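Hi,

Here is the structure I promised to pass on. Have a look, and then read my notes below.

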Amino acid sequence: MKNLNFVIATLFFLCLSFVTSPVYSSLSHFGHMKINEDTLLKATFKQQRFLQGITRPILSNGEMLLLGNKGIIWETKNPFSNRMLITHRGVYRIVNKKPRIVSKTGNNVIMSLISKILNGSLTDGVKAFNVNILSRPNAKRWKIELTPKDKKMQSFVNNIKIEGVKFVQSIVIQHANGGKDIITMENHAIYVGEERDKILSPEQERWLNG
Amino acid sequence: MAKVCIKKYHAHIAALWLCCILFLAAYCVDALFLTSNKLEHNLLSLLPNNHHMEDISQSISGKVIILLKHENQDIALNALNQIREKIKENRLPIIEQSYESMAEDYTTLFKSLYPYRAGLLSENDRKGLLEGQSKEIVEQAMLEAINSFSTLGPVNLHQDPFYLFPGYVTSFQKDQSIEIDENGNLVVRHKDELWTIFQGNLTNSAFSFKTQDAISANLMPLLAKFQHQGIHVSTIGAVFHALKGSEQAKNEVSHIGVLSMLCIIGLLLLVFKSLALFRIVAAIIISAVVVGIACCLLIFQQIHILSLVFGCSLVGVCVDYAIHYYCKIYGVRNLDDRFDILRKLTPALPLAFLSSCVGYLLLVFVPFPGVQQMAILTSTGLLGAFVSVYLWGPYLVRMNNQKLPIVGEKINSLLHHMINFGLKVKLNSLLTITMMIVFSIGMAKIHFEDRLQYFQPLNDRLKNDEELFKSMVSYDHSFQYIKVQDASLESVLQRIESLMPDLERLKLQNTISGYRSIASLIPSERRQQENRILVKTLYQENLQSLLDKLNINEISNASSFDLNGPLLATLPDLPEGWRDLIQVKENLIIAKIVLMNVQDPLVMVDFIKKHPNIQYVDPVNEYAELFSFYRHIITAAIILVLGIMAVLVSFYKNVKMMIEIISPIILSMMFTIGLLSCFGFPLTLFHILGLMLVQTLGIDYALFLYWKEKGSNLLANALTAITTILSFGFLTFSSSPAIHDFGLSVFIGILTCFFITTFFIGKPMQTGGLK
């Protein structure tokens, strides 16, 4: 059951890492931006969760901080506040300002994938997926579809569609049980040096550095 | 008349005996090596039929774990694949426990449990609900519902809105250290280093010599090659310990065996300057071994390799019969009377045979299949040797009217000088007093050792490997458990559940670090009912508020929560690791609660006293009890043989003679025990086994000395003592405690027994032999 967590975490990483990592040569013409180790990407997100049998989606929104090659702080602000930390070591929930491990490993194929993606090796990382480029060649806006190769992963996720320009702007996860998550990302901003330090608190940096 | 008949037909009977031996030899070869494989290799089959031993065998012998590490992970992965190929190519008795198969087993299990989810709660959730603290469960459910980084699986508001079933499932995933790489290989990260793991289960017992041989011949050289290539290899599993132990024992015994055999051959050639002795030695030993093995196979239908080896070694003492026979051929006046030597050996040889045979045969009452096989092999083997001496001796060795060869003569004369010196200085009394003092001091310091750890010290490198693995993952290797049995599954589960609060207290007191039982996975029907009530209350109190917060109003069909469905009343297919926690035997359901790291066994004994009808099982301790029991049995057998011998000699001669014959043997055994204790050696089963050999041979020395002819040579006893010391005494140099103890006890005992019997019974005037 924990696998889903990692599938989704991976997919997030995967999506977000398109802006951080060298990608397949066929994807290299995409105009996404690589985030280096000392670079911070900040963005806001809105999420719609469509559950099977329930017509109205569950809505949430919040903010995401991605520190190149380190990890992500995923902070939900509405309908209630919650912070998650995702690094190559695992997935944590921030409780009383301390990361509490939620899952260290779980689906380790995914963890390995995350680790590789975090280290900038997306080509290796995406090996577990069939990549289908949906956008037109040389189009400014790119769109890809990832389908899991692994049967186990297929039992959780049918496919994932990612699109963006310079940064990832939308992720659609089609779950195997009929559910769907649509995550829209906006207000992307890059921070380096002193600016980065202003945004990223020492505490957050400590979490990301483990 | 009968004697005349026997003399007349002696040659025919000898030929008939030869035919019998040839027939039995053919039967043995066929049974052991050709058509049927009657050679047993599993060490545990030597032990009595004890379910606990089977349990420990299954649990500890099962695992084979190999850790591989190299700076270049691809090299470690390549090594892992080579291990897999080697196992496949050579059909090694190992089945890899792959991530896929484990995951599939668990998926099947939890799918089958899903319809019963309302009665299945994790310990944490149950505790929270019992204490009325459902807030955390509700919060967790909300988080899961909105979070894309869901930790408990797909959102399932219709069937399990509070994620109780995923909570129950994930509560069994204690160890999150082991990861899976993209190819499905198990890896673990430890101190920033990545280790690749091979994990498998043996399909045969780790204590089977066949298993050990297969792994030793195929897998171990491969692992050695990896180490040579700079790959760090660590091995974990009982089979590797067993391999190390048996390799060491085999090496030592074979080296010591070759050395002692060369020494014995050299000694006999030096003394007799002739190969003629080896003719009768070979004939007697072969007939003894053939008769022994054949009888064993006919009675038990099979023979264990260890019983075969150890039994044949004990039968080897019948070489003494040949030496006694051969020493008597010198200085014979009537060369035509080929039966003269047999007369000279009577009644000493029949009595010696009888005492040894009865002594070994008594071991048949020890409830160990291995010992029983050894008892039959040895006693019937000695019978074969005895018959061969009487039937073949006169035809195998020519009599000689010459004196002993010069070396033999010198030894003989030295022994006579020794006896005379002893008589002059009243050595008998002095020796008796000294030995009694040594024995008394020894008895004050005596202590016994029966622990398995003493006999089988673990290899340091393998221990370090295991420690390394423990530091990487939560690897609990526990042998102690509580056994709960009853007529039905429900009653067994209820009884386990009733023990859980007290087990939790033991955990808090650090008496145990944890426990594992089937009731944690499959609750009793009563517990399922209780859980359902808790879940219903949770739904009634919190479902609507959860839905409101998520802005959902569409869940109205409460039947989809399966709160009133049937209860789980039978066991589903259990995955590896759970299967051995419960079994059905003879209409009884037997469950084990495995206890982790029991710190104080006495607390567990008290625990059991408070809970009747359960049993605390500590297999390692049971081995110690078994060794202790075995030690007592052998000691009793020694006393019984001495008693039988005393009755026989008293009946044949008189009580005074009996005391003269028996007392040196008792004294030398007491001295051996005293001396070992004085030097701080704990007395073990193997010392006592050594003393049994000392007793058997000591009786032979005493009998042959007592019934020696006037003026005959004393060489035979000296040679048999030296050959015994060379055969068994050399084992003192073994680093295996069991072999060392046996060798040391035989060395001290035989040396003492030889000198004491020579001084006490070797006096010229005290002979009972034929005139």
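Where does α8(B) bend, and by how much? The bend is about 40° and sits at B:Ser216, taking a bend as the angle between axes fitted to the seven residues ending at a residue and the seven starting there.

Some housekeeping: this is a predicted model, where local features need pLDDT of at least 70, side-chain atom pairs count only at pLDDT 80 or more, and totals for chains, interfaces and linings use all residues. Residues are numbered from 1 along each chain as its sequence is written, while chains are lettered from A and ligands numbered from 1 in the order in which they are written.

Back to that helix. α8 of chain B covers residues 209–228, and its 20 residues should span 28 Å (1.5 Å times one less than the number of residues); the end C-alpha atoms are 27 Å apart, which agrees. Buried in α8(B) are B:Thr211, B:Gln212, B:Ile215, B:Leu219, B:Leu223 and B:Phe226; that means 20 or more other C-beta atoms within 10 Å of a residue's own, with C-beta atoms placed from the backbone. Their cover includes β2 (63–69), α3 (73–89), β6 (193–202), β7 (232–236) and α9 (238–272) of chain B. After α8(B) comes B:Gly230, with a positive phi near 90°.

As for the whole chain, chain B has 28 helices and 13 strands (DSSP runs: H or I, at least four residues, for helices; E, at least two, for strands). The C-alpha trace of chain B spans about 120 × 55 × 50 Å along its principal axes, and 43% of its 771 residues count as buried.

Cheers

Technical notes: Buried ≥ 20, exposed ≤ 12 C-beta atoms within 10 Å, placed from the backbone. Contact = placed C-beta atoms within 7 Å.
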